[in-house]
Amino acid sequence: MSNSIKTWMMTAIMAICCLTAAAQAKQRLSREQLAERQARHIAQKLALDDKTTKLFTDTYCQYQKEVWALGPKKEKKPETNAAESGEEKSERQIKAQFAHSQKILDLRQKYYGIYSTFLTQKQIQQAYQLERQMMRRLANRQTVRKPQKRNLR
């Protein structure tokens, strides 16, 4: 009986050690790695050949880098300007949002032109749909994880 308890305890300890090691080995992907995985996933779904997959992956990653460069910058603490009313501040924020949206639209049009050189219109449309699905999935995962983190504290 004593040997079976020792064996059971050793098995439990080894399992815990293995799980801990596996958890430490699992690291969060960088944005670049995530973009590359997304591009490869899209290329696989589109059944692209190796040459086109490489071209698509490189182009998609470059597009993502340019979008990140435009990313919403957190405003520094606004200086209190007595001359600027709430309406003026709102107008300034709305115009800034329009300018940001226009920059993203310009990028999308630029890369649509690039994609058109090596993908069919149907493939481009599918790629956009797959990208949207992945973004929704990631957004849902983020909203699910955030409340859980708060509860743990």
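**Close-up views of helices α3 and α4**

Glu91, at 42% relative accessibility, counts as partly exposed, and in this predicted model its side chain forms a salt bridge with Lys95.

**View 1. The Glu91–Lys95 salt bridge within helix α4.** The closest N and O atoms of Glu91 and Lys95 are 3.0 Å apart, and the two residues lie four residues apart, about one turn of the helix. Helix α4, which comprises residues 86-115, reaches 43 Å from its first C-alpha to its last, close to the 44 Å expected at 1.5 Å a residue. The buried residues of α4 are Leu107, Tyr111 and Tyr115.

**View 2. The Asp58–Lys54 salt bridge within helix α3.** The side chains of Asp58 and Lys54 meet at 3.0 Å, N to O, and, being four residues apart, the two are separated by about one helical turn. Asp58 counts as partly exposed at 42% relative accessibility, whereas Lys54, at 54%, counts as exposed.

**View 3. The Lys110–Glu66 salt bridge between helices α4 and α3.** The closest N and O atoms of Lys110 and Glu66 are 3.2 Å apart. Lys110 lies in helix α4 and Glu66 in helix α3, so this pair ties together parts that are 44 residues apart in sequence. Lys110 counts as partly exposed, with a relative accessibility of 42%.

**View 4. The start of helix α3 and its buried residues.** A side-chain oxygen of Asp49 reaches to within 3.3 Å of the backbone nitrogen of Lys51 at the start of α3. The helix has 21 residues, 50-70, and spans 30 Å from its first C-alpha to its last; its buried residues include Thr52, Phe56, Tyr60, Tyr63, Val67 and Trp68.

Methods:
Residues are numbered from 1 along each chain as its sequence is written. This is a predicted model: local features need pLDDT of at least 70, side-chain atom pairs count only at pLDDT 80 or more; totals for chains, interfaces and linings use all residues. Side-chain values use heavy atoms; hydrogens and water are left out. The expected span of a helix is 1.5 Å times one less than its number of residues. Buried means under 20% relative accessible area, exposed over 50%, partly exposed in between (1.4 Å probe, protein chains only). A polar contact is a pair of N or O atoms within 3.5 Å; within protein, one must be able to donate a hydrogen and the other to accept it, and residues adjacent in sequence count only if both atoms are side-chain atoms. A salt bridge is a side-chain nitrogen of Lys or Arg within 4 Å of a carboxyl oxygen of Asp or Glu.
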